[in-house]
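Biologist: Before I rely on words such as buried, exposed or disulfide, I would like to hear how each one is justified. Could we go through them in turn?

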Amino acid sequence: MDLWPEFLQLRRAQSGLEPAEQVAAWLAQLQQAEPEIHARYAAAMVEDGQDWADDLLQRHWPSLPERMAPMAEAHDRILDVFAPTAERTREALGTDLHPVLVIIPVGYGGWATTYQGKPACDLGLDTIVELGWWERPETLAGLIAHELGHLAHYRWRQESIEYHVRGPFWDVYDEGFAQVCEGLIQGGEVYHLASYQPNWLQWGREHRAMLAHEFLRRVDAGESLAGFFGSYPELSIEGYREMGYFLGQEIVGAWAAEQGLQPVAVMPEDQVLKGVREALNHLAAESE
C-alpha cells in the first residue's frame with residue numbers, strides 16, 4: 001500500500017497553504033482513504049499523550065523541503081530491498097509469512113502491525129529519513145528484518161500483532177526477540193539501531209550492568225522508560241538510544257542459544273515477565 005504518490009499529489013496541490021492547513025489536509029485525506037490506518041495511529045498518539053497534527057507540524061513539516069528527495073530515494077529503496085529481505089527471513093527463521101502487506105506512509109513511524117486482519121509492515125518514510133535508515137540498503141533491510149521478526153514472533157505465538165499492554169518487562173522481551181531475529185536474518189551482529197550510533201553494541205555491552213540496574217530502578221520507582229525505548233535524539237541513556245532493545249537482545253539471545261528460537265517465542269507470559277526481571281537482576285549484579 002503505497003501512500004507516497006498520494007502525498008506527492010497533495011503536496012503539489014497545497015503549495016500555497018499554510019503549514020497547519022497542509023497537515024490538516026493530509027490527515028483528512030488519510031482518514032478518508034485509509035480509515036483503519038488513520039484510526040490506529042491516531043489512537044497510538046493519544047496513548048503516548050501526543051497530538052498527531054501538532055507533532056507533524058512541529059517535528060516533521062519544517063524539515064519537509066530538504067527531506068523530499070531523501071524520502072523519494074527511501075521509497076524506491078524499500079521497493080528494492082523488501083522482497084529479498086522477506087526471502088532471507090523465510091530461510092533464516094524457517095517460517096513463511098506470505099502474504100505480508102507493505103505499507104509506505106508519510107506522517108507517522110513504522111512497526112509490525114496488521115491491515116484488514118493480515119500481517120503488515122508500516123515503513124514511514126519521514127521517520128526513516130529522519131533517522132538516516134535510508135542511506136544504506138543494509139540498514140533499511142535491517143529495519144525490515146526487525147519488523148518481520150515481530151511478525152514471525154506473533155505468528156508462532158498465534159496471537160494478534162496488535163500489541164497488548166503487558167508492561168516494561170514484556171517490552172524488553174518483545175523487542176529483544178525482534179533484535180535476535182534481525183541478526184539471524186542479516187547474518188551476524190548487524191543491527192539497524194547501530195547504523196546511526198557508532199559503537200552502539202560495544203557501548204551497551206560495556207555498560208550493561210549499569211543499564212540493567214537503571215532499568216530496574218526506573219521500573220520500581222514508576223519512572224519513565226523513554227530513554228530505553230524511543231529513537232528520537234532526546235530519548236537516550238548517556239547519548240545512546242533504544243538501550244531497552246539492547247537489553248532484550250542480550251537476554252533473548254542467551255535464552256535462544258540455550259533453548260532454541262521457537263521455544264523462546266512461545267514462552268508463557270508469566271514465565272517471560274519473571275524471566276526478564278531475573279535476567280536483569282543478574283546483569284545488574286555483574287558490577288558488584
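Modeller: Let me begin with what a helix is here, since the loops are placed by the helices on either side: a helix is a DSSP run of H or I with at least four residues, numbered from the N terminus. By that rule W134 belongs to the loop between helix 6 and helix 7 (137-157). Please keep in mind that this is a predicted model.

Biologist: Why is W134 called buried?

Modeller: Buried means under 20% relative accessible area, and W134 has a relative accessible area of 15%, so W134 is counted as buried. Leaving out residues up to four places away in sequence, W134 touches P70, E73, A74, R77, I128 and V129.

Biologist: What makes Q50 partly exposed?

Modeller: Partly exposed is the class between under 20% and over 50%, and Q50, at 36% relative accessibility, therefore falls into it. Q50 sits in the loop between helix 3 (35-47) and helix 4 (52-60), and apart from its neighbours within four places in sequence it is in contact with M45 and D55.

Biologist: E238 and E242 both lie in the loop between helix 10 and helix 11; which class does each belong to, buried or exposed?

Modeller: E238 has a relative accessible area of 58%, and since exposed means over 50%, E238 is exposed. E242 has a relative accessible area of 4%, which is under 20%, so E242 is buried. As for the backbone, phi is near 50° for E238, a positive value in a residue other than glycine, while E242, which is not a glycine, has a positive phi of about 60°.

Biologist: How do you know that C121 is in no disulfide?

Modeller: A disulfide is a pair of cysteine sulfur atoms within 2.5 Å, and a search of the whole structure finds zero of them. The cysteine sulfur nearest to that of C121 belongs to C181 and is 12 Å away, so the cut-off is not met. For C181 the nearest cysteine sulfur is that of C121, again 12 Å away, and C181 is in no disulfide. C121 is buried, with a relative accessible area of 0%, and C181 counts as buried at 0% relative accessibility.

Biologist: What makes you say that the buried residues of helix 1 line one face?

Modeller: In helix 1 (residues 4-13), the residues W4, F7 and L10 are buried. Seen down the axis of helix 1, the buried residues fall within an arc of 125°, so they line one face of the helix. In general, an α-helix has 3.6 residues a turn, so residues three or four places apart point the same way. The face turned away from the buried side of helix 1 carries the exposed residues Q9, R12 and A13, whereas the buried residues pack against helix 2 (19-33), helix 5 (64-93) and helix 6 (125-130).

Biologist: Which values describe the crossing of helix 1 and helix 2?

Modeller: The axes of helix 1 and helix 2 come within 11 Å and cross at roughly 140°, and the crossing is right-handed. The contact is made by E6, F7, L10 and R11 of helix 1 together with Q22, A25, W26, Q29 and A33 of helix 2. Sorted by kind, the residues of this contact are five nonpolar, two polar and two charged.

Notes: Residues numbered from 1 in each chain as written. Predicted model: local features only at pLDDT ≥ 70, side-chain atom pairs only at ≥ 80, totals over all residues. Heavy atoms only, no water. Buried < 20%, exposed > 50% of the residue type's maximum accessible area, 1.4 Å probe, protein only. Helix = DSSP H or I, 4+ residues; strand = E, 2+ residues; numbered from the N terminus. Arc of directions from axis to C-beta. Contact = heavy atoms within 4.5 Å. Axes fitted to C-alpha atoms, helices over the stretch in contact; angles between N-to-C directions. Left-handed = near helix turned anticlockwise from the far one by under 90°. Nonpolar A, V, L, I, M, F, W, Y, C, P; charged D, E, K, R; others polar.
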